[in-house]
Amino acid sequence: MAQDLASVAADKTKAELALLRGLLEHGLLIDCGVPGIYGRGPVFEDTLQRFNDFVSRLTVHDQATPLHFPPVMNRTYMERVDYLESFPHLAGIIFSFKGTDLQHHELVSKVRAGEDWSQLQSMTEVVLTPAACHPLYPICTGTLPESGKLIDLTSYCFRHEPSPDPARMQMFRMREHVRMGKPDAVVAWREMWMERGIALLKDLGLDAYLVAANDPFFGRGGRMLAVNQREQQLKFEIVTPITSSEIPTAIMSFNYHQDHFSKLYDIRSSDGETAHTACLGFGLERIMIALFKTHGFAPARWPAAVRQKLWP
Ligand code: AMP
Ligand code: ZN
């Protein structure tokens, strides 16, 4: 059995390298010298925009409010939501130089000599956004309208998980819809979207299915958090085989936070109770990569039924 798992993992790694090579050779992704950091070529970007438009057409009647945030946020937001308790290994904190002239000389000579210069850096007030919805909750303090709120967000997100797998990037875009309101309404919304998400991805010819999931919590304490999250069915993912059918890749996630964010930021329903929140996230690069893997590197030759959805 252990042998089987090892050979599945080895086959997956081989498939990841081959897929990455194909994406680079076709100019879809551009190597930037660090695993998980890529430029996006014109065809990749055009196709991603087409997918975004497809989602926008399908959800137009939801009347979600579009908001935009930069991919950097207030460090205290990350501290307050316990991100560093759960995911210290993924967090990206921005440091800068705040020293004297003398320390500046020291910094430059260490950089020139190829020595460690991290001691000459100080933490700033900003961090890289780890999920598109994080900057949203702090601005929602107060009482929601009777029907709650629905927000549409897209952001580049950072997670320090360098990998040769092109579907595991360090900087990638997540498009999220975030629902806030009374618990029943939030739960019903998430259930509606699980079916809708699968249908939407199947329409694009992807072999997509729903699984219960947990976040990659850090350390021994994290194992308990992961078990809890699964037991309470707080996270589901839509997965699809990209580089392995035994280990499929999550391309869409559904997270039910209950009152985690709303308690911290005092977000209330119209009845005065603490609101509940949930979000769904499309991993935009992962969906693109799944499409390129499934239908080939040239969208002009994709099946007509798929092209018709994206180039209507
Ligand atoms: P999560 O917040 O972990 O549920 O992530 C939301 C979505 O972002 C996932 O369903 C993935 O599609 C996508 N995603 C997560 N991590 C990565 C990554 N390292 N590279 C690319 N996409 C990712
Ligand atoms: Zn979210």
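In the predicted model, a polar side-chain atom of E161 is placed 2.7 Å from a nitrogen atom of ligand 1. A nitrogen atom of ligand 1 also lies 3.3 Å from a polar side-chain atom of R286. At G283 the backbone is involved: one of its N or O atoms lies 3.5 Å from an oxygen atom of ligand 1. Considered alone, ligand 1 exposes 480 Å², and 92% of that area is buried by the protein.

The elements that contribute two or more residues to the shell around ligand 1 are the strands β9, spanning residues 171-181, and β12, spanning residues 249-258. The largest share of this shell belongs to β12, which supplies five residues. In total, ligand 1 is surrounded by 15 residues, of which R159, E161, M169, K235 and S253 are the closest. With respect to side-chain character, the shell comprises seven nonpolar residues, three polar residues and five charged residues.

The arrangement of two helices was also examined. Helix α2 comprises residues 42-58 and helix α6 comprises residues 183-203; the two pack with their axes 12 Å apart and at an angle of about 135 degrees. Because an angle of about 135 degrees falls neither over 145 degrees, where a pair counts as roughly antiparallel, nor within the range of 65 to 115 degrees that counts as roughly perpendicular, α2 and α6 are oblique to each other. The crossing that α2 and α6 form is right-handed.

Conventions: Residues are numbered from 1 along each chain as its sequence is written. Chains are lettered from A and ligands numbered from 1 in the order in which they are written. This is a predicted model: local features need pLDDT of at least 70, side-chain atom pairs count only at pLDDT 80 or more; totals for chains, interfaces and linings use all residues. Side-chain values use heavy atoms; hydrogens and water are left out. A residue is near a molecule or strand if one of its heavy atoms lies within 4 Å of it. A polar contact is a pair of N or O atoms within 3.5 Å; within protein, one must be able to donate a hydrogen and the other to accept it, and residues adjacent in sequence count only if both atoms are side-chain atoms. Accessible areas come from the Shrake-Rupley method with a 1.4 Å probe; for residues, only the protein chains shown count as cover. Helices (H or I, at least four residues) and strands (E, at least two) are DSSP runs, numbered from the N terminus. Ala, Val, Leu, Ile, Met, Phe, Trp, Tyr, Cys and Pro count as nonpolar, Asp, Glu, Lys and Arg as charged, and the others, Gly among them, as polar. Axes are lines fitted to C-alpha atoms, for helices over the stretch in contact, and angles run from 0 to 180 degrees between N-to-C directions. Angles under 35 degrees count as roughly parallel, over 145 as roughly antiparallel, 65 to 115 as roughly perpendicular and the rest as oblique. A crossing is left-handed if the near helix is turned anticlockwise from the far one by less than a right angle, and right-handed if clockwise.
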